[in-house]
Every structure is written in structure tokens, then in C-alpha cells.
Amino acid sequence: MSKSIPTQFFDLLPLPILVVKHNNKTLNHAIAYLNNSFTKVIGWDLEEIKYKDQWWQKAYPDPHYQKVVENIWEVSMDSLDPDKDSFVIITVNIMTKHNGVKRFKVYTELNSALMEGYYVVAFEEVSE
């Protein structure tokens, strides 16, 4: 496994992608890379969301909704079958930078298939 981020590959993907550096010492993981689709669709750039906590503040500015998302995440994690599941998948409302709130299905990789020490989060916009 390569320790470098395959940026050219991620920039080819039509879905917004975050690449996050895993750190066992903190839950506030560093965001290592955003693909072009992320910046185009969701709007935030790496300077604005260098860490997971900053991303959560931008994506879920209402503290009550942040708690709802956190609870959905915890229930989803508790429901996983580690032998069968490779992603945690939740559907949430995300505040974009320029287009207000949009609904996304969010796929968070449990164990990276591409990069040791990193995990990928992909966003699929959901039409209402």
C-alpha cells in the first residue's frame, strides 16, 4: 500500500471525496485531501476544513443537528458487521458553502483499501 494519496485518481471521480488521516490519539482527524468535485459541489476548501471538527462545524452548523448526526453515526457503527461491511453509510443534510443545505448519502470507509493510515469519505447527493 502506498502512503501517498492518489490525487489524480480521486480527481477523476464525479463524487465529492475527502481523504482523512487516521490518528489513534484523537477523534479530530486531519483532512489530508479534497477532490475537485468536493470543492465544486460542497464548496469548502482544505484551508477552511483542515480537521474533522472544522468540517463538522461547517457541514452541521446547528449544534442540535450535529448531535442528531452523531447519534445516527453511532447507531450505524453499532449495526455494522465487521466481516461483511466495508463502509458506514448514513444519509444527512449538509450545509454547503454556496448552495445552502443539500442532502447527501455519506460513505465512510472503515479500512482503506488504497492507503494505509488514511480513510476515504464519499458524498453522493440525494435528490428529493
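Two strands are taken to pair if DSSP finds at least two bridges between them. In the predicted model described here, Val 20 of strand E1 (residues 17-21) stands opposite Tyr 119 in E5. Strand E5 spans residues 118-125, and its antiparallel pairing with E1 extends over 5 bridges. A further pair is formed by Val 19, which stands opposite Val 120 in E5. On E2, the residue facing Val 20 is Ile 31, and E1 and E2 run antiparallel, joined by 4 bridges. Of the 5 residues of E1, 4 are buried, and the strand is thus described as mostly covered.

These pairings belong to an open sheet of 5 strands in the order E2-E1-E5-E4-E3, with antiparallel pairing. The edges are formed by strand E2 (30-34) and strand E3 (87-95), each of which pairs on one side only. On average, neighbouring strands of the sheet are turned by 30° against each other, direction ignored.

Between E5 and E4, the antiparallel pairing involves 5 bridges. Here Val 106 is placed opposite Phe 123 in E5. Strand E4 covers residues 101-109 and is joined to the antiparallel strand E3 by 9 bridges. Two of the facing pairs are Val 88 with Thr 108 in E4 and Ile 94 with Lys 102 in E4. E3 and E4 form a hairpin with 5 residues between them. In the turn of this hairpin, Gly 100 has a positive phi of about 70°.

In a regular strand the side chains alternate between the two faces of the sheet. Along E3 such an alternation is present, and it coincides with a division in burial. Val 88, Ile 90, Val 92 and Ile 94 point to one face and are buried. Phe 87, Ile 89, Thr 91, Asn 93 and Met 95 point to the other face and are not buried.

Two helices are placed against these strands. Helix H3 (residues 52-59) packs on the sheet and touches E1, E2, E3 and E5. The direction of H3 makes about 50° with that of E3. Trp 55, Trp 56 and Ala 59 are the buried residues of H3. They lie on the same side of H3, because the arc that they cover around the axis is only 100°. The packing partners of these buried residues are E1, E2, helix H2 (36-41), H4, E3 and E5. Helix H4 (residues 63-78) lies across E3 and E4, and runs at about 170° to E3.

The loops that flank H4 contain two residues with contrasting exposure. Tyr 60 is located in the loop between H3 and H4. With a relative accessible area of 5%, Tyr 60 falls under the 20% limit and is therefore buried. When neighbours within four places in sequence are left aside, Tyr 60 is in contact with Tyr 65, Gln 66, Val 69, Val 92, Asn 93 and Ile 94. Tyr 60 and Met 95 are 35 residues apart in sequence, and the C-alpha to C-alpha separation in space is 6.2 Å.

Ser 79 is located in the loop between H4 and E3. The relative accessible area of Ser 79 is 57%, which is over 50%, so this residue is exposed. Ser 79 and Ala 122 are 43 residues apart in sequence and 20 Å apart in space, C-alpha to C-alpha.

Rolling a probe the size of a water molecule over the atoms shows where empty space is left. The largest pocket has a volume of about 800 Å³. This pocket is lined by 31 residues, of which His 29, Lys 52, Trp 73, Thr 108 and Tyr 119 are the closest to its centre. At least two residues of the lining come from each of E1, H3, H4, E4 and E5. H4 gives the most to the lining, with 6 residues. Two of the residues closest to the pocket centre, Thr 108 and Tyr 119, also appear among the strand pairs described above: Thr 108 in E4 faces Val 88, and Tyr 119 in E5 faces Val 20.

Terms used. Residues numbered from 1 in each chain as written. Predicted model: local features only at pLDDT ≥ 70, side-chain atom pairs only at ≥ 80, totals over all residues. Heavy atoms only, no water. Axes fitted to C-alpha atoms, helices over the stretch in contact; angles between N-to-C directions. Contact = heavy atoms within 4.5 Å. Buried < 20%, exposed > 50% of the residue type's maximum accessible area, 1.4 Å probe, protein only. Arc of directions from axis to C-beta. 1 Å grid on protein atoms, 1.4 Å probe; cavity = no way out; pocket = protein on both sides within 12 Å on 5 of 7 lines; lining within 4 Å. Points joined across faces, edges and corners; volume = space filled by probe spheres on them.
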